[in-house]
Amino acid sequence: MVVGAGIFVLPGVIAAKLGSAAIIAYLICGVAITLIFLCYAEIGSRVTRSGGSYAYIEEAFGPFVGFISSMLLWFGWAVLSDAALTVAMINTLSIVVPELQEPLWKLLFMVVLFTFMVGTNIIGVKSGIRLYVFNTIAKFVPLALLLLVGLFFINVDNLIITEWPSISNIGAASLILIFAFSGAECALNASGEIKNPPKTVPRGIFLGLGSIFVLYLGLQTVAQGVLGAELANNTEAPLAAAANEIFGGWGIKLLVVGGAISIFSTLSGDILVTPRVIFAAARDGNLPKSLAKVHTKYKTPHISIIFYAFMIALLALSGQFKVLAVMASGSILLVYAGVCLATLKLRVRDGAPSEGQFKMPGKIIIPFLSCSVITWMLLQLTGEEALGLLALIGISTLIFIVQKIIKK
């Protein structure tokens, strides 16, 4: 779920900000994600009902904070980021299918795309997972090929850090890069359907994120080592440019196809698990009850799945990738902060995890460090971006209050 469009674009963007010192942003994001997901591993082994981040925060802080987190999670992060990915997918495919630049063909493509993914996931979790596993293998092959072959084309001189960037540039680059590292928490939205979550959740988190960090760092190294200073000038398709140097003309086509498959994989995975957040919020009375309906035959939250896909397609019609991506990053950082604080709250309220549950080291040190890193990243937002997030929180608060009044 993590490896989407970001890694196909961001190596050039990070190089443009940090040059050959781009590795610094990867190390910062790697440390930040490790700290954050140590908290996820502990709380995910304690709270095992469906809903993921929303369920953890609601369990610790109650319905109001839980509702705000659910809005940030399913709309602020999931819908906005998936809409951005849909825009990126159409833009990528339009290189080989120019007709997709036309509004009618773009709309028709989205209708077919989302109808297929919605139908597959309504049929059941197993069919959704099979599609997901196939997509994961298909998107990994071109990236692995680029990484393994590209190692032999690296010019070591291109990797030497000649100038150290400023703290502000490092912060700005880290905020952008966190978009590529985020998404693992969405797999926990289906916690109620995971076998043996106390063991499966921590193991899945650390094996998955460890592999992703190695993959990302390797791809940045190959792109930087092959293209050198030219990497900073390739902010739209840096890996395709590296593939062109390594494989020739067919390398670009390989990465275009790989990028499209990667985005499709992320979208299909999100439609598998994120509607469970909407379902959980509706089940708890924080969203309309109709969204908590379960299909009589397939036992899946079909109304939530359809609603979620519709919201993505609607926002994707705007075609604004950068705006959608930045707002999504800010939203997920706020959710991460909420989960870290929820981990602390459960430790204070219920004590340390019991035997058989994951117990992170250091007691309160890791949640405190996680919140500190998240705060530093959020401070990199511009004034307009920060106001956008505050507006989303304000609207969510208003919706919650109105719902309570209507219920009374």
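This report describes helices, a nonpolar core and a surface patch in a predicted model.

## Basis of the model

Local features require pLDDT of at least 70 and side-chain atom pairs pLDDT 80 or more, while totals for chains, interfaces and linings use all residues. Numbering starts from 1 along each chain as its sequence is written, and side-chain values use heavy atoms, without hydrogens and water.

## Helices H13 and H10

Helices are DSSP runs (H or I, at least four residues) numbered from the N terminus. Helix H13 covers residues 321–350, and its end C-alpha atoms lie 43 Å apart, which agrees with the 44 Å expected for 30 residues at 1.5 Å a residue (1.5 Å times one less than the number of residues). Gly351, just after H13, has a positive phi of about 85 degrees.

Gly259 belongs to helix H10 (residues 249–273). Gly259 counts as buried because its relative accessibility is 7% (buried is under 20%, exposed over 50%, partly exposed in between, with a 1.4 Å probe and protein chains only). Its C-alpha atom is 9.4 Å from that of Gly6, 253 residues away along the chain.

## Nonpolar core

The largest nonpolar core (buried Ala, Val, Leu, Ile, Met, Phe, Trp, Tyr and Cys joined through side-chain atoms within 4.5 Å) has 132 residues; Ile14, Phe37, Tyr40, Phe114, Leu177, Tyr216 and Tyr336 touch the most other members. Helix H4 (residues 63–93) contributes the most to this core, with 18 residues.

Leaving aside residues up to four places away in sequence, Ile14 touches Gly19, Ala22, Ala25, Tyr26, Ala173 and Leu177 (contact means heavy atoms within 4.5 Å).

## Loop residue Leu317

Leu317 is located in the loop between H12 and H13. Leu317 counts as partly exposed because its relative accessibility is 44%.

Definitions and conventions. Helices (H or I, at least four residues) and strands (E, at least two) are DSSP runs, numbered from the N terminus.
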